[in-house]
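Work through the following exercises with the sequence and the model at hand. Each task is followed by a solution in steps.

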Amino acid sequence: GTAQRPKTTSTSPSRCRMRGRMETVSRGAGRPVRSASCTAAHHRALWAIAFFPDGQRFVTCGEDRAVRIWSLSNLEMEVELWGHKDQVFGVGLSADGSLLATASIDGTAKVWRVAEREVVWTLRGHKRGVLDVVFNADGKTLATCSDDGSVRLWNLATGREVGSWHFGRQTCWAVFSPDGGCLVVVDNSGTATIFDGPLSTLRAR
């Protein structure tokens, strides 16, 4: 069947749960070359994962509300971040890896400064859980998708909302084009909506 984002409830959503082991597989080998226990990493479901731009670290988030940064070389946890009040569904990284964004069922997105391990902004505005976060290429704008049926744009210099669109249905994922001039949003009806133009004047095709 088709993959579905978790429903924003306080109980455990029904979907594939990544638990037990994390493994790295060398290209062409077809078998794991390193593995490590994931049980102590996320005590419940793991919802999302993203690589840092340098390819040497990755970040995970999960049902246990934790956000963790890992070394790819030894699969050791380097950083643990806490701040959300409920499950963390999505993670995103700026192009230079200095900023990390997290999306949570608690209705907020947070922007973290990775080096200092501190929250820069807590973004409030969605009426239900936030499902995805994505940085524009220049790192100045963040898009958030929510179970409330909206997509919102945020200015990361001020932490203020600078635009929003309401679909009337759950918006699941979003992605910016490499040049930042296009935003594609996917919702749970199976529709992909493309917005293009300057961020201040984005219009749907």
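The hairpin of strand 12 and strand 13 has three residues between the strands, and Gly149 takes a positive phi near 90° there. The model is a predicted one.

**Exercise 1.** Determine how strand 12 and strand 13 are joined, and which residues stand opposite each other.

Solution. Start with the ranges: strand 12 covers residues 141-146 and strand 13 covers residues 150-155. The two run antiparallel, and five bridges join them. Next, read off facing positions. Cys145 stands opposite Val151 in strand 13. Ala143 stands opposite Leu153 in strand 13.

**Exercise 2.** Follow the chain from strand 13 to strand 14 and describe the pairing.

Solution. Six bridges join these strands, which run antiparallel. Their hairpin has four residues between the strands, and Gly159 takes a positive phi near 75° in that hairpin. For a facing pair, take Arg152, which stands opposite Ser164 in strand 14.

**Exercise 3.** Assemble the sheet and identify its edges.

Solution. The sheet is open, has four strands in the order 11-12-13-14, and its pairing is antiparallel. Strand 11 (130-135) and strand 14 (160-166) each have a single partner strand, so one side of each is left without a neighbour in the sheet. These two strands therefore stand at the edges. From one strand to the next, the twist averages 20°.

**Exercise 4.** Is strand 13 largely enclosed or largely open?

Solution. Apply the cut-off: a residue is buried under 20% relative accessible area. Five of the six residues of strand 13 are buried. Strand 13 is therefore largely enclosed by the rest of the structure.

Notes
Residues numbered from 1 in each chain as written. Predicted model: local features only at pLDDT ≥ 70, side-chain atom pairs only at ≥ 80, totals over all residues. Heavy atoms only, no water. Pairing = 2+ DSSP bridges. Axes fitted to C-alpha atoms, helices over the stretch in contact; angles between N-to-C directions. Buried < 20%, exposed > 50% of the residue type's maximum accessible area, 1.4 Å probe, protein only.
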